[in-house]
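I set out to record the side-chain contacts that I looked up here, beginning with charged pairs and continuing with aromatic rings.

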Amino acid sequence: MKTVIRMFAALSIFSFVACGGNEPVAAPMQPGEVAILFFNSISSGDIDNVRSNVCFDEPAEQAIFDEYLERLFIPAVGRQPRGHNADYVVVSEEILGDTANVELKGMTIAGKNTKIKVRLLNNEGWKVDGSQAVLHRVE
């Protein structure tokens, strides 16, 4: 009987240790979620999220975008009014294989409603396709 109890205790401890370190893996973000995160990051000046949620076909295009961020975008962040929230919402989302087209609706800093279309590519997770026009205004 003692052997059975020891064996049960050992199995319990083993299963606790084996399962205890495994945290649930977050589901990958959908294209609309990435598009909202990207454009909210632009609105709030979150450079890290802007960079991590865009991809380019060509290294030269990536270099041009990085230079734009460093020379124009980052300095402009300090001059932006605080507290602006575009409140982007997904109007439509179409996924075709590794390409997605998302339409967002939000509020400009001037208080006008705007819609934008953005193309995303699935390359180890959804990213805004920087090689295309990053955004296309609908209205």
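**Salt bridges and ring pairs**

Asp-129 is buried, with a relative accessible area of 2%. I note that the model is a predicted one.

I looked up the partner of Asp-129 and found a salt bridge with Arg-119, at 3.2 Å from N to O. Arg-119 belongs to strand 4 (residues 113-122) and Asp-129 to strand 5 (residues 126-129), so this pair ties together parts that are ten residues apart in sequence. Arg-119 is partly exposed, its relative accessible area being 30%.

I then searched the whole structure and obtained two salt bridges. Arg-51 forms one with Asp-66, and their closest N and O atoms are 3.9 Å apart. Because Arg-51 lies in helix 3 (residues 47-52) and Asp-66 in helix 4 (residues 59-77), the pair ties together parts 15 residues apart in sequence. I recorded Arg-51 as partly exposed at 32% relative accessible area, and Asp-66 as partly exposed at 25%.

I turned next to the rings; the search of the whole structure gave four aromatic pairs. The ring centres of Phe-38 and Phe-39 are 5.1 Å apart and the planes stand at 90°, so I entered the pair as edge-to-face. Phe-38 is buried at 1% relative accessibility, and Phe-39 is buried at 2%.

For Phe-56 and Phe-65 I noted centres 5.1 Å apart and planes at 45°, so this pair is tilted. Phe-56 counts as buried at 17% relative accessibility; Phe-65 is buried at 13%.

Finally, I asked which residues the ring pairs link into a cluster. I found Phe-38, Phe-39 and Tyr-88.

Conventions:
Residues numbered from 1 in each chain as written. Predicted model: local features only at pLDDT ≥ 70, side-chain atom pairs only at ≥ 80, totals over all residues. Heavy atoms only, no water. Salt bridge = Lys/Arg side-chain N within 4 Å of Asp/Glu carboxyl O. Helix = DSSP H or I, 4+ residues; strand = E, 2+ residues; numbered from the N terminus. Buried < 20%, exposed > 50% of the residue type's maximum accessible area, 1.4 Å probe, protein only. Phe/Tyr/Trp six-rings, centres within 6.5 Å; stacked < 30°, edge-to-face > 60°.
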